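Welcome to this short tour. Please open your viewer, keep the selection tool at hand, and follow along stop by stop.

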Amino acid sequence: MRSLGDLESAIMDRLWSYHRPASVRDVLEDLRRDREIAYTTVMTVMDKLYKKGLLKRHPQGKAYIYEPWLSKEAHTAQQMRETLARSDNQAATLVHFLERLSPEESAALEAALRVFAPRGSRS
């Protein structure tokens, strides 16, 4: 999966923040707080996100309501996994990743490992 464009990211961020299904009009009104944008532009991008498998949609009257297939955290984890899978040397990639973690990120990784131990160390 390739990374999202600026407008795709803005739309996904809005939808993740709602924690509920939303219409194109809902997202449009939210986006218009920061920029001038047309309804058809938002509708087209949301349709593309649906076709990419990032959104699910359900008919509501003459329109659709949309919601993300995955949480933001699950989507980010999927992107990280796909990036790692493209590496020719996954161990080296992980070492470079770990070297660049901030203290806060290191603490988050340690907390995550306490909750979900690596496969080789599970009983």
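Before we count anything, a word on terms: helices are DSSP runs of H or I with at least four residues, strands are runs of E with at least two, and both are numbered from the N terminus. Bear in mind, too, that this is a predicted model.

**Stop 1: the whole chain**

Show the chain as a cartoon and colour it by secondary structure. You should find six helices and three strands. Walking from the N terminus, their order is α-β-α-α-β-β-α-α-α. How does the spread of the chain relate to a compact globule? The radius of gyration is 18 Å, well over the 14 Å that the globule rule gives for 123 residues, so the chain is more spread out than a compact globule. Turn the model along its principal axes, and the C-alpha atoms fill a box of roughly 55 × 30 × 30 Å.

Now switch on the surface. The accessible surface comes to about 8800 Å², and carbon and sulfur atoms account for 55% of it. Of the 123 residues, 26% count as buried. If you colour by charge, look for 20 positive and 17 negative charges, whose mean positions lie 6 Å apart.

**Stop 2: the nonpolar core**

Hide the surface and select Ile11, Leu15, Val27, Leu31, Val42, Met46 and Leu49 as sticks. These are the residues with the most contacts inside the largest nonpolar core, which has 21 residues. Helices α1, α2 (24-31) and α3 (39-51) each supply at least two residues of this core. Which element gives the largest share? That is α1, with seven residues. As a general background, nonpolar side chains tend to be buried together in soluble globular proteins.

Zoom in on Val27. Setting aside residues up to four places away in sequence, Val27 touches Ile11, Leu15, Tyr18, Ala22, Val42 and Met46.

**Stop 3: Arg14 and Asp34**

Next, select Arg14, which sits in helix α1 (residues 6-18). Is Arg14 buried or exposed? Its relative accessible area is 14%, and residues under 20% count as buried, so Arg14 is buried. Beyond its neighbours within four places in sequence, Arg14 is in contact with Asp30, Leu31 and Asp34.

Follow that last contact to Asp34, in the loop between α2 and α3. Asp34 counts as exposed, at 61% relative accessibility. Add Ser23 to the selection and draw a distance between the two C-alpha atoms: Asp34 and Ser23 are eleven residues apart in sequence and 18 Å apart in space.

**Stop 4: His19**

Move to the loop between α1 and β1 (22-23), where you will find His19. Look at its backbone: phi of His19 is near 55 degrees, a positive value in a residue other than glycine. His19 is exposed, with a relative accessible area of 74%.

**Stop 5: Leu54**

Finally, select Leu54 in the loop between α3 and β2 (55-60). Is this loop residue, Leu54, buried or exposed? Leu54 is buried, with a relative accessible area of 7%. Then pick Glu104 as well: Leu54 and Glu104 are 50 residues apart along the chain, and their C-alpha atoms are separated by 29 Å.

To end, zoom back out to the full chain. Among contacts between residues at least 6 apart in sequence, 41% join residues at least 24 apart.

Note on methods: Residues numbered from 1 in each chain as written. Predicted model: local features only at pLDDT ≥ 70, side-chain atom pairs only at ≥ 80, totals over all residues. Heavy atoms only, no water. Rg over C-alpha atoms; globule rule 2.2 N^0.38 Å. Buried < 20%, exposed > 50% of the residue type's maximum accessible area, 1.4 Å probe, protein only. Contact = heavy atoms within 4.5 Å. Areas by Shrake-Rupley, 256 points an atom, 1.4 Å probe, with all protein chains shown as cover. Lys, Arg positive; Asp, Glu negative; His and termini not counted. Charge placed at Lys NZ, Arg CZ, Asp CG, Glu CD. Core = buried A, V, L, I, M, F, W, Y, C linked by side-chain atoms within 4.5 Å.
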